[in-house]
Structures are given as C-alpha cells and as structure tokens.
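Please open the model in your viewer and keep the selection panel at hand. The stops below are given in the order in which they may be selected.

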Amino acid sequence: MTPSVVIVEDSLVEIMNIQNILVESEIRVLGTAINAEQLFALIEKESPDLILMDINLGAGESGIDIAKLVAEQFAIPIVFTTSYCDDTTISNALKVSPYGYLVKPYGALSLTTTILVALERKRIEHELASSNRRFAMASEIAKLGVLEIDSASRSIVIESVDNLFDFPRKLTVENFLSLFTDEQRLEVAEAIRLKTNYLTTLQLKIAGRETRWYQVVLSDVVWKKEYVQIGAIQDISILQHAQSNLTIADRVVSEIKEGVLVCDANGSIVKANKALCEMLGCEPSELISQDINKIFPKERKHDPRPNYLIDGLRTDLTIVNEGRRYHLVMSVTSFDNGSGETHFVAILTDVSDLKSSEDQLKLLAFTDALTGAGNRNHLNNVVERFSESCEPFSIIFIDIDEFKLINDTHGHEVGDEILRTCASRFKAAIRQDDSVFRFGGDEFVVVTGTTCEKHLSNVTFRLSKCFSKSFKTSSGSFNISASIGVATSTGNIPAVDLLKNADIAMFSAKQNGKNSTVVFSEDLSKNIEYRLFIQQGLKSAIQDKQITAYYQPIIGAKGEIIAIEALARWYIPSHGPVSPDKFIPIAERSNHIHDIGLLMLDEVCFAIKTIDRWGFSNVRFNLNMSAVQLQNSGVIDLFAERFAFHNISAKRIVIEITESTLQSEKAREVLTAIKQLGVTISIDDFGTGFSCISELADEAYDSIKIDRSLLPDFPLETRGGLRRSLIIENVVSMCEKLGMPCTLEGLETAEQVNFAKKIGARAMQGFYFSKPLNLEGLMEFLQAEFATKTVNV
C-alpha cells in the first residue's frame, strides 16, 4: 500500500522540492499546511500515515507545539524538518518523541529513507501493542469456555467447554441473567448492553448436586459486524482446571516470537520465555532469581545501572550474543497477580532489521552512488562551512532539459549513463577547489569559492560547453542541453536561501526557453512567488467560480449587434484581478484549462438562454479554445453533452482558435469533429505567429479575426502605416470574395472604426464600442443600444 504524507511547511519552494522527491519515490502527498488549523483539517479528512513537520513556521507558530497537539489526539508518526540543529531545538523536539529529525537541506534519499524507517518503526510498535494485547487476552481467557453473546438474537452460545455440564450449549440472555444474584444481574446486564469488560463469580446450586463456582468474564472484544460480544466462563471448582489454564498461558508466552520476562516487585526474575533466552544466549534457569536491572549490558562501563521497574517504560536495548547484535525495544507493564502483589512483565521486540537500515543510511556518507559526485549531505556540509567562515562563494544550479523524455522513451538505464557522463564532464570543467554535487534526479549543483562575475561567467560557460558534445549511450547518441541558475552569497544570507535562489534562477532559465543561464535577482523571486500563487490558487478559483465570463460585443458595419465574445476573467477578493496573460498559460501547463473551458462553455450557454428571453435570439457567442484543449478528443463529447444539457443549438457558438493551434494535426482532427456538431470555426489573431494565407483555403475555418497589431496608426502618415492599411484592406476584400466573414479587433478610436467601415469590414470589436462586461452589464448594454438592431448572420 502506498504510504501517504502531509507536509507542514511555510516555504513554497521547499514544498515543491519535497513534493517532487516524494512523487518520484511513489509516496503520496495528501496535502500541505502552514499552521495547526490547516493540519488538523487535513488529518480529519485524509488520515495520513506520517507528518513532515517544519519546526520553524511563519506567524510565530512552532512545529514542536503543533506536534504536541497531534501526539495528544492522534497516533500519527511525526518527522521534524528544520534548518536548526542546536541543543535547545533538539532537546525540545525530542520531548515530543519524533520518529525522525532531518536537518535542511537534506537529500532525496535521506528524506525517503527517513520516512520509510519511521513508517516501519510505527508498524513494529503497532505489532508490539497488538502482541501485548494478545498476550493479555491469552493470559485472561485463553482456551477457556467461550461465551458468544449475540445482541441481535438475544442469545448466548457456550463453546469449547467440556465440564460445564450444568449449562446447555445455547440459552437466552434472560435465562443466563436469571442465574445471577439480583445485584450481579444488573451489573451483568449493563456490561452486555455496553459491551464492556466485566468479571464476576457465579455460584450455582442445583438440587441433588454439589454447589459449583464459575468465573464469568465478559470482554470488550466484539466480532461479526460488532454485534457479538466475546466472553469466557471457567469452572473454578476443580483445581486441575486452574492448573490447566496456567499451562496454556505458559505455552503462549513460551511460543511467541517476542522475548518475555516476568519479575516481582523487587526486580527478581520469576519467568523468562524461550525467545528471550535465545537472544541472551542462556538457559531459563540462569535467569531465574536474577535482577532484571543487571541482565542487560550498560552502554558504557561507568554508566549507572538503569531502572527497568517502571510501569509504561519503553526503551531501546542492544545485546550481543555469539557475534550477533540484537537491537531490541522493551516495553514494561506492571500488574497485580490477584493476591495484592505487584509484578512486572517486560516484552522485548527484535528491531535489528530496522536498526540495520538506519546503519546503512549512515554508510551512504557523502557520495552519490550513481554518479560518484557529492550527495546532498556533502553539499550541506560544504555550504555550511562556507557560511560559517563568512567566505565568499556561489552556487550554480544545473538542470538537464527534457531529461524525463529520455528516461520515458529509452529507459532509466540510458538516463543513468547520461547522468554519469554529466558528472564526469562537470568535474573536468571546474577548478580543483570547486565541488560538484548531484542534487537529485537530473539536477546538479556546483559550489565555487568566489563571487567574481568574470570567474562565474567562465565557469558557467565551461559547464554549458559540457553539453556541446553528444552523449553516447548504449541506445545511441543524444544531444541535450541544460538550464543553469547562479546565486552568489551576499551579506549573511543563510545557506538554504542561497540554494533556493540558485534554484529560482534555474527555474527562470527553464521558463525563458531552456538551454540558458540566469543569475538570480530579487525580481526573479517575486515572479516565481507570483507564479506559485497563481498555480496554487487555480484549483480553488475554479471550484469557487472566481473565474467567470465577461462579454465583449462584436458590432456590424451598420451598427447592429452581430456576436458576443466570452472572455475568461479571474478576480481574487483578497488580491484583485489576475490578468489572463498570467493565469491562462499556467492553466494550460497544469491542465486546469480543461476545467476553465467547461466553466466558460456553461456560462456561455446560460448567457445565450438569458439574452434569448430579451429578444436577442440571433446573436452568436464566440468562445476561445486553446491547443491544449484540442489535444483531448474527449472535448467533442463534452461539447455535445453540454449543448444537449442546456438545450442550446450548436449554431449559436463560434469557436476561436489561435494560429499556433493550426500546427497540430491532432488539434485539426478534434476541431473538424467539433465543427460537425454545427459550431462555427474562426481563426483568431490572424496575421501573426504561424498563420498564413493558405489557411484561408481550408474548409475547416469559417471566418477570421485580424489581429490588432496590424491596425495602422492614424492619421496614415508613415509608410509602415500605409502598408498595414493596404494589407488589412486586401485581406478583408479577399475574405469577402471567399465568403468568410472578417472581424477587426482592437478598435479604440473613431478613426479606426471609420477605416474598418471604409475597407468593407463586416464586423468590428474593441473598446470603442464596449469594454468586456459581466452578464448584468451586457444585458444593460444590449437593451440600451441594440434592442431593435439584432440581425441574423
């Protein structure tokens, strides 16, 4: 089963880094939180297997305090992540009994191994608790007469008891209760009703027979969909019965895999099972009467003897027997033996395999096993050393472009060959005093002891040159590139922030088209944070319908209303409007564009039905679609389903596509299928990008919209303006002859509108007529300006 994790962290970049690591390790991230309120909401909703808790959170909140609240209410393992490892922080953290403590920055292997170790530890503890419970049950009711109390049928069945001759195998609850005294009857009935533990002695007198005594035990154990309560009954009239039950209990203790020992109140051992003796390499007789505090070795020779006679004690032990080292977890519980004497039971679970995993983690040291470069632990040490010495240094972050495509296409073995070659080339390209580290996946970091701009430029140039040669692998040669980010130490900037800045610069290089180098600046950080803000908020914006349709009229040459274009607008109450140029590209990369498209389609259908009631039943609506939407053939059925649901004719819809969409064969196929539903297809932004005159010959397109960048400036005084006007005039004329309606967009002045009419444009759009309006504003505009001017186009 895939483990699940909740991240409590106030740094967005750190959250992204952790999520990327966990996704690659097939560990599910159920969500993130930055405070106690968000965390408890996630716990109640998702029930995570583990919590990654940053100690130092924003707004003055402490991860340690939040962890204490979690420990009081939930049995969820917590692993602390922090940039601090001072004695006070560690001491406070240990009071919460965390399952791990990671010092930032840590490696992907450190993180995933710590999580797996923590989960394994939790599993062992759970098994230990379960074993303790089984042991307690075995000591109390093992192999006795079993009572099954069925609340549904109000009956009691007695199983596996040979000598309870005075009881039938089955009787009603009422008949069973009648056997007890008046005082006992009420208590037994209440225990059956509440399904709680209950213990009593039943005295049974039958005419002509001797009096017999039975011990009746009702437990809180239920089964069969929780309506059958389990109990036990024992004839304590015969001493052999008690002796038999003691033998069974001894057998249970003897055979279980956990080590078990029992001692009296003074610590003198009275019983030890076989498993414990095998661990210690001795016979049971050698342990009897020994002091429990003396049989386990001390960590160091002069350490004081520990006291194990503490109820609820849980401690770790290490013992060596014939060259084998056992790592044990011991839990101690006190109990009353029934005669007023206190005894202690210690259960020891072998966790050697878990400890071995921890030791192997330490053996990983500072070297990346795949490439031979330094790993993130080594990187952390080097960066911290520079920071503590206040020496100038810089971090160069390198990310291989499109590396995932190579892995997915040719396999990870080929990808590993490329990573090893990269590490080798990087080492040859840097100075002897500089260091190369594999940060994780296809990311490398170079640390150089300088902030000199010229030197950094030389280093990044040599690192870039590492990709000028093809990479030869077992599957052939590959030409690849890399995006590089650079950050230099300034003042007392923390090492973790410097690494984050280099990562931000590298990410900016990716966004700028890849295969480039970017030096960090504060503006980059603000841009990244804004992009993250948009990306994180898109899902909730769609769910809360913060993204809505605004409508801009398209006007005919005679002043009539021809169509209305629907435009996506996002307004955040706490932030204000978000430009479509900002959120649409991010929505396309995150596939939220499909949800936005559906939202816009539904709003347009609603708007159509609304304006129809006011007499505008001939007005069409233009709806924009991106290339990403048209890569999904499911959009065809979606359009058909929404038209049917809203009872809207497809002829009322005009789909606007950008020129770049035309370059995809898949998009063309989907677009052709959508057109068959009855919609009209229009080429948007014609005259820019990839669009060309030959597209006008394609029968898939019904109309065009000329991009505003071709509009000339007025008055027409420049040669360039005259050329633009001539181009537009001829395009309009050509479209008219082809029977393709042509719209001029971006009209803002009377001169532009007069020009459009003069050259024969059939449709016009722009701020001159109206800015985009919400539906209410659109209705007011239509009623005021076009109530009697609608036409059928």
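Select N35 together with helix α2, where N35 caps the N-terminal end: a side-chain oxygen of N35 lies 3.3 Å from the backbone nitrogen of E37. This is a predicted model, in which local features need pLDDT of at least 70, side-chain atom pairs count only at pLDDT 80 or more, and totals for chains, interfaces and linings use all residues. Residues are numbered from 1 along each chain as its sequence is written, and side-chain values use heavy atoms, with hydrogens and water left out.

Next, colour α2 (residues 36-46) and show the side chains of A36, L39, F40, L42 and I43, which are buried. Here, buried means under 20% relative accessible area, exposed over 50%, and partly exposed in between (1.4 Å probe, protein chains only). Helices (H or I, at least four residues) and strands (E, at least two) are DSSP runs, numbered from the N terminus. These buried residues cover an arc of only 160° around the axis, which puts them on the same side of α2; the arc is that of the directions from the helix axis to the C-beta atoms.

What do the buried residues of α2 pack against? Add β1 (4-8), β2, β3 and α3 (63-73) to the selection, since these are their packing partners; contact means heavy atoms within 4.5 Å. Then turn to the face of α2 directed away from its buried side, which carries the exposed residues E37, E44 and K45. Beyond the helix, select S47, which follows α2 and has a positive phi, near 55°.

Now display the open sheet of five strands, whose order is β2-β1-β3-β4-β5, with parallel pairing. Two strands pair if DSSP finds at least two bridges between them. β2 (28-33) and β5 (100-103) stand at the edges with a single partner strand each, so one side of each is left without a neighbour in the sheet. Within the sheet, zoom in on β3 (residues 50-54) and β4 (residues 78-82), which run parallel and are joined by four bridges. Label D54, which stands opposite T81 in β4.

For the last stop, move to T200 in strand β9 (residues 198-204). Is T200 buried or exposed? T200 is buried, with a relative accessible area of 9%. Leaving aside residues up to four places away in sequence, T200 touches F180, Q184, Y214, Q215 and V216.

Terms used
A polar contact is a pair of N or O atoms within 3.5 Å; within protein, one must be able to donate a hydrogen and the other to accept it, and residues adjacent in sequence count only if both atoms are side-chain atoms.
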